Amino acid sequence: MRRTPLQQVLASISQACAQSSATVVQLLAVSKTQSAQAVANLAAQGQRLFGENYVQEALAKQAELAEAGVTGLEWHLIGHLQSNKAKQAAEQFDWVQTVDRAKLVTALAQHRPSHLPPLNVLVQVNIDDEASKHGCQPAQVGELLGLIDAQPNLLARGLMAIPAPDANMAVRAQAFARMQALFVQHGQGRAQFDTLSMGMSQDFALAIAHGATMVRVGTALFGARPSIAA
Ligand SMILES: *Cc1c(COP(=O)(O)O)cnc(C)c1O
(Lines give C-alpha, C1' and ligand atoms only; values in the text may rest on other atoms or scores of the structure.)
Protein backbone atom coordinates (compact mmCIF):
# COMPACT_ATOMS: atom_id res chain seq x y z
CA MET A 1 0.00 0.00 0.00
CA ARG A 2 1.16 3.55 -0.74
CA ARG A 3 2.25 5.44 2.34
CA THR A 4 0.38 8.59 3.24
CA PRO A 5 2.31 11.89 3.45
CA LEU A 6 2.02 11.65 7.25
CA GLN A 7 3.57 8.17 7.25
CA GLN A 8 6.36 9.38 4.96
CA VAL A 9 7.17 12.38 7.14
CA LEU A 10 7.11 10.25 10.31
CA ALA A 11 9.44 7.73 8.65
CA SER A 12 11.85 10.52 7.64
CA ILE A 13 11.80 11.84 11.21
CA SER A 14 12.58 8.36 12.60
CA GLN A 15 15.43 7.99 10.14
CA ALA A 16 16.89 11.38 11.08
CA CYS A 17 16.59 10.45 14.77
CA ALA A 18 18.38 7.17 14.20
CA GLN A 19 21.22 8.97 12.43
CA SER A 20 21.73 11.42 15.25
CA SER A 21 21.37 10.59 18.91
CA ALA A 22 17.89 12.15 19.04
CA THR A 23 15.29 10.18 20.92
CA VAL A 24 11.90 11.83 20.63
CA VAL A 25 11.11 14.46 18.01
CA GLN A 26 7.58 15.76 17.86
CA LEU A 27 5.83 16.58 14.62
CA LEU A 28 3.85 19.81 14.49
CA ALA A 29 1.53 19.83 11.48
CA VAL A 30 1.40 23.38 10.13
CA SER A 31 -2.15 23.87 8.92
CA LYS A 32 -2.19 27.57 7.97
CA THR A 33 -4.42 28.16 4.92
CA GLN A 34 -5.60 24.53 5.09
CA SER A 35 -9.25 23.70 5.71
CA ALA A 36 -10.72 22.28 8.91
CA GLN A 37 -11.46 19.17 6.86
CA ALA A 38 -7.77 18.79 6.01
CA VAL A 39 -6.95 19.04 9.74
CA ALA A 40 -9.66 16.50 10.56
CA ASN A 41 -8.25 14.09 7.98
CA LEU A 42 -4.79 14.26 9.52
CA ALA A 43 -6.21 14.00 13.04
CA ALA A 44 -8.05 10.84 11.97
CA GLN A 45 -4.64 9.38 11.04
CA GLY A 46 -3.38 10.07 14.55
CA GLN A 47 -1.74 13.49 14.23
CA ARG A 48 -2.39 15.54 17.37
CA LEU A 49 -0.21 18.67 17.26
CA PHE A 50 -1.23 21.47 14.90
CA GLY A 51 0.38 24.85 14.25
CA GLU A 52 -1.36 27.98 13.01
CA ASN A 53 0.06 31.38 12.05
CA TYR A 54 -2.97 33.62 12.34
CA VAL A 55 -5.15 33.82 15.44
CA GLN A 56 -8.39 34.60 13.59
CA GLU A 57 -7.95 31.77 11.10
CA ALA A 58 -7.14 29.35 13.91
CA LEU A 59 -10.19 30.29 15.97
CA ALA A 60 -12.53 29.74 13.03
CA LYS A 61 -10.94 26.36 12.31
CA GLN A 62 -11.05 25.28 15.96
CA ALA A 63 -14.75 26.14 16.12
CA GLU A 64 -15.47 24.17 12.96
CA LEU A 65 -13.55 21.17 14.27
CA ALA A 66 -15.30 21.27 17.64
CA GLU A 67 -18.63 21.33 15.84
CA ALA A 68 -17.56 18.29 13.85
CA GLY A 69 -16.64 16.50 17.10
CA VAL A 70 -12.88 16.53 16.50
CA THR A 71 -11.31 17.03 19.93
CA GLY A 72 -8.08 16.37 21.81
CA LEU A 73 -5.84 18.35 19.48
CA GLU A 74 -2.98 20.50 20.79
CA TRP A 75 -2.77 23.96 19.19
CA HIS A 76 0.46 25.90 18.75
CA LEU A 77 0.62 29.51 17.60
CA ILE A 78 3.66 29.86 15.34
CA GLY A 79 2.98 33.21 13.65
CA HIS A 80 3.91 36.68 14.87
CA LEU A 81 1.56 37.74 17.66
CA GLN A 82 0.40 41.32 18.07
CA SER A 83 -0.24 42.33 21.66
CA ASN A 84 -3.87 43.17 20.91
CA LYS A 85 -4.43 39.50 19.98
CA ALA A 86 -2.69 38.17 23.08
CA LYS A 87 -5.96 37.60 24.94
CA GLN A 88 -7.40 35.36 22.24
CA ALA A 89 -4.11 33.54 21.90
CA ALA A 90 -3.82 32.97 25.66
CA GLU A 91 -7.37 31.62 25.76
CA GLN A 92 -7.39 29.43 22.67
CA PHE A 93 -3.90 27.99 22.27
CA ASP A 94 -1.94 25.41 24.27
CA TRP A 95 1.41 26.82 23.15
CA VAL A 96 2.66 30.17 21.84
CA GLN A 97 5.98 29.66 20.05
CA THR A 98 6.59 33.27 19.06
CA VAL A 99 7.25 35.13 22.30
CA ASP A 100 9.89 37.70 21.44
CA ARG A 101 9.36 40.74 23.67
CA ALA A 102 8.62 41.65 27.27
CA LYS A 103 5.27 43.28 26.49
CA LEU A 104 3.97 40.03 25.05
CA VAL A 105 5.01 38.06 28.14
CA THR A 106 2.97 40.43 30.31
CA ALA A 107 -0.05 40.37 28.00
CA LEU A 108 -0.14 36.57 27.73
CA ALA A 109 0.24 36.16 31.50
CA GLN A 110 -2.52 38.67 32.15
CA HIS A 111 -4.96 36.87 29.87
CA ARG A 112 -4.21 33.18 30.44
CA PRO A 113 -7.42 31.94 32.14
CA SER A 114 -6.84 30.55 35.61
CA HIS A 115 -8.89 27.39 34.97
CA LEU A 116 -6.42 26.33 32.26
CA PRO A 117 -2.95 24.85 32.82
CA PRO A 118 -0.03 27.26 32.33
CA LEU A 119 0.45 28.39 28.75
CA ASN A 120 3.49 26.71 27.21
CA VAL A 121 5.73 29.28 25.58
CA LEU A 122 8.83 29.28 23.42
CA VAL A 123 11.08 32.28 22.98
CA GLN A 124 11.48 33.03 19.28
CA VAL A 125 15.05 33.91 18.32
CA ASN A 126 16.00 35.87 15.20
CA ILE A 127 19.00 33.61 14.76
CA ASP A 128 20.20 35.04 11.42
CA ASP A 129 19.66 38.64 12.51
CA GLU A 130 17.35 39.33 9.58
CA ALA A 131 15.82 42.79 9.49
CA SER A 132 12.56 41.40 8.09
CA LYS A 133 12.11 38.73 10.75
CA HIS A 134 10.52 38.75 14.17
CA GLY A 135 12.21 37.15 17.15
CA CYS A 136 14.54 38.50 19.79
CA GLN A 137 18.31 38.71 19.59
CA PRO A 138 20.25 35.78 21.05
CA ALA A 139 21.54 38.10 23.79
CA GLN A 140 17.97 38.89 24.93
CA VAL A 141 16.87 35.29 25.49
CA GLY A 142 17.97 35.13 29.13
CA GLU A 143 16.10 38.26 30.11
CA LEU A 144 12.87 37.14 28.42
CA LEU A 145 13.08 33.71 30.02
CA GLY A 146 13.52 35.38 33.40
CA LEU A 147 10.30 37.33 32.86
CA ILE A 148 8.45 34.17 31.81
CA ASP A 149 9.76 32.24 34.83
CA ALA A 150 8.27 34.94 37.06
CA GLN A 151 4.75 34.32 35.67
CA PRO A 152 3.01 31.34 37.32
CA ASN A 153 0.60 30.86 34.43
CA LEU A 154 3.32 30.73 31.77
CA LEU A 155 5.75 27.86 31.34
CA ALA A 156 9.03 28.34 29.48
CA ARG A 157 9.40 25.19 27.38
CA GLY A 158 12.25 26.20 25.08
CA LEU A 159 13.23 28.09 21.97
CA MET A 160 11.97 28.48 18.41
CA ALA A 161 13.62 29.80 15.26
CA ILE A 162 12.97 30.26 11.56
CA PRO A 163 16.49 30.44 10.05
CA ALA A 164 16.94 32.34 6.79
CA PRO A 165 15.95 30.09 3.89
CA ASP A 166 19.52 30.03 2.58
CA ALA A 167 19.91 27.73 -0.41
CA ASN A 168 23.22 26.67 1.07
CA MET A 169 22.45 23.90 3.56
CA ALA A 170 25.80 24.39 5.30
CA VAL A 171 24.75 27.94 6.20
CA ARG A 172 21.40 26.70 7.51
CA ALA A 173 23.20 24.04 9.52
CA GLN A 174 25.26 26.76 11.21
CA ALA A 175 22.10 28.59 12.24
CA PHE A 176 20.63 25.37 13.65
CA ALA A 177 23.87 24.72 15.53
CA ARG A 178 23.78 28.22 17.07
CA MET A 179 20.21 27.53 18.23
CA GLN A 180 21.27 24.22 19.74
CA ALA A 181 24.01 25.96 21.74
CA LEU A 182 21.55 28.61 23.01
CA PHE A 183 19.06 25.90 23.93
CA VAL A 184 21.63 23.98 25.97
CA GLN A 185 22.85 27.17 27.65
CA HIS A 186 19.40 28.34 28.75
CA GLY A 187 18.16 24.89 29.70
CA GLN A 188 20.52 24.85 32.70
CA GLY A 189 18.42 24.78 35.84
CA ARG A 190 15.03 24.79 34.04
CA ALA A 191 13.17 21.54 34.62
CA GLN A 192 10.70 21.58 31.75
CA PHE A 193 12.82 23.33 29.17
CA ASP A 194 12.58 20.49 26.66
CA THR A 195 11.61 21.93 23.29
CA LEU A 196 13.76 23.23 20.46
CA SER A 197 11.37 24.04 17.61
CA MET A 198 13.10 24.33 14.25
CA GLY A 199 13.07 22.71 10.82
CA MET A 200 10.35 22.81 8.16
CA SER A 201 9.46 20.65 5.12
CA GLN A 202 12.73 21.37 3.30
CA ASP A 203 15.18 20.99 6.15
CA PHE A 204 13.70 19.12 9.11
CA ALA A 205 16.20 16.27 8.89
CA LEU A 206 19.06 18.78 9.12
CA ALA A 207 17.37 20.46 12.08
CA ILE A 208 17.03 17.11 13.87
CA ALA A 209 20.74 16.48 13.29
CA HIS A 210 21.30 19.71 15.22
CA GLY A 211 19.09 18.93 18.16
CA ALA A 212 15.56 19.95 17.12
CA THR A 213 12.97 18.27 19.34
CA MET A 214 9.99 19.60 17.38
CA VAL A 215 9.77 20.11 13.64
CA ARG A 216 7.09 22.26 11.98
CA VAL A 217 5.94 20.74 8.72
CA GLY A 218 3.26 22.07 6.37
CA THR A 219 3.86 21.46 2.68
CA ALA A 220 5.21 17.92 3.03
CA LEU A 221 2.01 16.91 4.86
CA PHE A 222 -0.70 18.92 3.10
CA GLY A 223 0.84 19.66 -0.30
CA ALA A 224 1.40 23.18 -1.60
CA ARG A 225 -0.60 25.85 0.19
CA PRO A 226 -3.68 27.09 -1.67
CA SER A 227 -2.74 30.75 -1.26
CA ILE A 228 0.39 32.77 -0.61
CA ALA A 229 1.12 32.92 3.09
CA ALA A 230 4.10 33.83 5.16
C1 LIG B 1 4.56 27.93 7.19
C2 LIG B 1 5.47 27.66 8.32
C3 LIG B 1 6.05 26.39 8.51
C4 LIG B 1 5.87 25.22 7.56
O5 LIG B 1 6.52 25.44 6.34
P6 LIG B 1 6.57 24.30 5.22
O7 LIG B 1 7.72 24.70 4.38
O8 LIG B 1 5.27 24.35 4.49
O9 LIG B 1 6.79 22.99 5.89
C10 LIG B 1 6.83 26.20 9.65
N11 LIG B 1 7.04 27.19 10.54
C12 LIG B 1 6.51 28.41 10.38
C13 LIG B 1 6.78 29.46 11.40
C14 LIG B 1 5.71 28.69 9.27
O15 LIG B 1 5.20 29.92 9.12
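**Helix α7**

I started with helix α7, residues 169-187, in this predicted model. I wanted to know whether its length fits its residue count or departs from that count. With 19 residues at 1.5 Å a residue, α7 should span 27 Å, and I found its end C-alpha atoms 27 Å apart, so the two agree.

Next I looked up which residues of α7 are buried. They are Arg172, Ala173, Ala175, Phe176, Met179, Leu182, Phe183 and His186. I noted the general rule beside this list: an α-helix has 3.6 residues a turn, so residues three or four places apart point the same way.

What do the buried residues of α7 pack against? I listed three strands by their ranges, β5 (119-125), β6 (154-161) and β7 (195-197). I also listed the helices α6 (141-149) and α8 (204-209).

I then checked both ends of α7. At the N-terminal end, asparagine 168 acts as a cap, with a side-chain oxygen 2.8 Å from the backbone nitrogen of alanine 170. After the helix comes glycine 189, and I read a positive phi for this glycine, near 80°.

**Helix α2**

I turned to helix α2, residues 36-44. Its buried residues are Ala36, Ala38, Val39, Ala40, Leu42 and Ala43. I looked for what covers them and found helices α1 (5-19), α3 (55-67) and α9 (219-222) included. The strands β1 (26-30), β2 (49-52) and β3 (74-77) are also part of that cover. A glycine follows this helix too: glycine 46, with a positive phi near 105°.

**Three single residues**

I looked up serine 31, which sits in the loop between β1 and α2. Is serine 31 buried or exposed? Its relative accessibility is 0%, so I entered serine 31 as buried. Leaving aside neighbours within four places in sequence, serine 31 is in contact with Val39, Phe50, Gly51, Glu52, Glu57, Lys61, Trp75 and Phe222. Of these contacts, Val39 is also on my list of buried residues in α2. For a distance across the model, I took serine 31 and aspartate 166, which are 135 residues apart along the chain; their C-alpha atoms are separated by 23 Å.

Leucine 49 belongs to strand β2. I found 5% relative accessibility for leucine 49, so this residue counts as buried. Not counting residues up to four places away in sequence, leucine 49 touches Gln26, Leu27, Leu28, Ala29, Glu74, His76 and Met214. I also looked up its separation from alanine 191, 142 residues away along the chain, and read 22 Å between the C-alpha atoms.

Threonine 213 lies in the loop between α8 and β8 (214-217). Its relative accessibility is 19%, and buried means under 20%, so threonine 213 still counts as buried. Beyond four places in sequence, I found threonine 213 touching Val24, Val25, Gln26, Asp194, Thr195 and Leu196.

**The ligand**

I ended at the ligand. Which of the 13 residues around the ligand come nearest? They are Lys32, Asn53, Ser201, Thr219 and Arg225. By class, the shell holds six nonpolar, four polar and three charged residues.

I looked up three side-chain distances to oxygen atoms of the ligand. For lysine 32, a side-chain N or O atom is 2.7 Å from a ligand oxygen. For asparagine 53, a polar side-chain atom lies 2.8 Å from a ligand oxygen. For arginine 225, a side-chain N or O atom is 2.8 Å from a ligand oxygen. My last entry is the cover: the ligand on its own has 390 Å² of accessible area, of which the protein covers 92%.

Technical notes
Residues numbered from 1 in each chain as written. Predicted model: local features only at pLDDT ≥ 70, side-chain atom pairs only at ≥ 80, totals over all residues. Heavy atoms only, no water. Near = heavy atom within 4 Å. Polar contact = N/O pair within 3.5 Å; in protein donor to acceptor, adjacent residues only side chain to side chain. Areas by Shrake-Rupley, 256 points an atom, 1.4 Å probe, with all protein chains shown as cover. Nonpolar A, V, L, I, M, F, W, Y, C, P; charged D, E, K, R; others polar. Helix = DSSP H or I, 4+ residues; strand = E, 2+ residues; numbered from the N terminus. Expected span 1.5 Å × (residues − 1). Buried < 20%, exposed > 50% of the residue type's maximum accessible area, 1.4 Å probe, protein only. Contact = heavy atoms within 4.5 Å.
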